[in-house]
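The exercises below are meant to be worked with the sequence and the model side by side. Each task is followed by a solution that goes step by step.

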Amino acid sequence: MSPSRRSVALLGATGSIGVQTLDVLRRERERFELVSIAGGEQLSELAAIAKEFGVKSIAVKSERHRADLVELVGPGVEVVVGDEGLHDLAQRSDVVVNAVMGFAGLPVTLGALSAGKRLALANKESLIAAAPLVAKVRNTIGATLLPIDSEHCAIHQCLASSPGAVGYPDVKRIVLTASGGPFRGWSEEQLKGATKQDALHHPTWSMGAKITIDSSTLMNKGLEVLEASALFGIDVDRIDVVVHPQSIIHSMVEYVDGSVLAQLSRPDMRLPIAYCLGQPERLAYAYGELDFSKAISLSFEPPDGTAFPALGLAYEAARVAGAAPAWLSAANEVAVAAFLADEINWCDIVAIVASTMDHYVADPLESLASLYESDDAARRWARASLER
Ligand code: NAD
Ligand code: MG
């Protein structure tokens, strides 16, 4: 590897963010070398990526997956296993892209930051669940956390015009934009008949199944409120959500002098991915370029908090703090998986999260062990409420 090339670990390489990251890396081979990858079930995809990019190490879920993958890649590629494998690979590269889905991405977030690496974070669930623990490892020398989530990447770019004092005193509020998802404008009555096919049909973004369902319930926006608060150290009372159906303004920052800064592009996740890889430079490929020679309309409306109660649950979890956000996110993972497996109706997803939150046991989240206990307890309550 030439000394100027940055080594990259892409953990969660076979999913929606993973595939789009590979697309960016293909255009930037002189700047980046993909050295390690990870994935859940898709072993032949992992083997194909390893071959194409000359990857040196791969993390998989279990010993069984490891044995099968070794058959495909041969003895020249290191194959590591489980949470330890993810944590280990996250500690070895200059840039670590966390594109794993769900709480399973936690070892990547903690591994990269505690080793002083740049973490390009798509996996919002790990930050939301472990916010106080992540805050500690972010202090490691060299550790940098850059958000791939498009709204947070937009805010990160807008905040560049701020002196960056702790808590951003000159920021009046952050305004997160939401597409509104496939059910924007649906009444509570209509939502009772929402099908899986309806919910998986996102109007503006093409994403993995879990986040697409989260977008349909607005839980994704609720999780993003928690994510923004943890990332920027700004209280949720200074974070608002506005529905912007075109998904062109990716979020905004309003300053105390009335100025509102925004970042715009057509919806294309390769733009925030390239931003996080390239910082402080901008990579010269215009993903999501806007064509102002044609008419573009931008509209805004308030979210419907009654039809979509997930947003309110997320604000509540933020105010309770401690492990409450971890409970919310864990219960949501269980409920969304059950919905995708045709075990429950769409309306049950947020109902299960709400009933799980009713059982929340206060936990200040001082250790990793207590986080795993909390995650486990929330999942048990969510499953119990599924069965009812
Ligand atoms: P996805 O389901 O398409 O992909 C998930 C990836 O994680 C796959 O590569 C899968 O193999 C891997 N994975 C799952 N469990 C694993 C485990 N235990 N060990 C190793 N790998 C594992 O999901 P996605 O849509 O790409 O989303 C990934 C993350 O990025 C999520 O946290 C999501 O909220 C966030 N995100 C996604 C988008 C998007 O456009 N897709 C946008 C913003 C944020
Ligand atoms: Mg987002």
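**Exercise 1: two helix packings**

Helix 15 and helix 17 are oblique to each other, a class that holds the angles left over when those under 35 degrees count as roughly parallel, those over 145 as roughly antiparallel and those from 65 to 115 as roughly perpendicular. The model is a predicted one, in which local features need pLDDT of at least 70 and side-chain atom pairs count only at pLDDT 80 or more, whereas totals for chains, interfaces and linings use all residues. Residues are numbered from 1 along each chain as its sequence is written, chains are lettered from A and ligands numbered from 1 in the order in which they are written, and side-chain values use heavy atoms, with hydrogens and water left out.

Task: describe how helix 15 packs against helix 17, and then how helix 15 packs against helix 16.

Solution. Step 1: locate the elements, which are DSSP runs numbered from the N terminus (helices are H or I with at least four residues, strands E with at least two). Helix 15 covers residues 324–340 and helix 16 residues 346–357, while helix 17 covers residues 368–387.

Step 2: take the axes, which are lines fitted to C-alpha atoms, for helices over the stretch in contact, with angles from 0 to 180 degrees between N-to-C directions. The axes of helix 15 and helix 17 come within 8 Å and cross at roughly 40 degrees. Helix 15 passes helix 17 in a right-handed crossing, meaning that the near helix is turned clockwise from the far one by less than a right angle (anticlockwise would be left-handed).

Step 3: list the contact, where contact means heavy atoms within 4.5 Å. Among the residues involved are Trp327, Glu333 and Val334 of helix 15, and Asp375, Arg379, Trp381 and Arg383 of helix 17. By class, this contact has 12 nonpolar, one polar and four charged residues, with Ala, Val, Leu, Ile, Met, Phe, Trp, Tyr, Cys and Pro counted as nonpolar, Asp, Glu, Lys and Arg as charged, and the others, Gly among them, as polar.

Step 4: repeat for the other partner. The axes of helix 15 and helix 16 come within 9 Å and cross at roughly 150 degrees, and the two helices are therefore roughly antiparallel to each other. Their crossing is right-handed. The contact includes Trp327, Leu328 and Phe339 of helix 15 and Trp346, Ile349 and Met357 of helix 16, and by class it has 12 nonpolar, two polar and no charged residues.

**Exercise 2: the two sheets**

Task: give the strand order of the sheet of seven strands and of the sheet of four strands, and identify the edges of each.

Solution. Step 1: apply the pairing rule, by which two strands pair if DSSP finds at least two bridges between them. The open sheet of seven strands has the order 4-3-2-1-5-6-7, with parallel pairing.

Step 2: find the edges. Strand 4 (78–81) and strand 7 (144–147) each have a single partner strand, so one side of each is left without a neighbour in the sheet. Neighbouring strands here are turned by 25 degrees against each other on average, direction ignored.

Step 3: examine one pair. Strand 2 (residues 32–38) and strand 3 (residues 57–60) pair in the parallel sense over three bridges, with Ser57 as the bridge partner of Ser36. Helix 2 (residues 43–53) lies across both strands, running at about 160 degrees to strand 2.

Step 4: turn to the open sheet of four strands, whose order is 9-8-10-11, with mixed pairing. Its edge strands are strand 9 (239–243) and strand 11 (260–264), each of which pairs on one side only. Strand 10 (residues 249–255) and strand 11 pair in the antiparallel sense over four bridges, and Ile249 stands opposite Leu264.

**Exercise 3: burial and backbone**

Task: is Thr217 buried or exposed, and which residues does Thr217 touch?

Solution. Step 1: Thr217 is found in helix 11 (residues 209–217) and is buried, with a relative accessible area of 1%; buried means under 20%, exposed over 50% and partly exposed in between, with a 1.4 Å probe and protein chains only.

Step 2: not counting residues up to four places away in sequence, Thr217 touches Phe308, Ala310, Trp346, Ile349 and Val350.

Task: what is the phi of Tyr168, and which peptide bond is cis?

Solution. Step 1: most residues other than glycine have a negative phi, and most peptide bonds are trans. Phi of Tyr168 is near 45 degrees, a positive value, and Tyr168 is buried at 17% relative accessible area.

Step 2: a cis peptide bond joins Gln279 and Pro280, with omega about 5 degrees.
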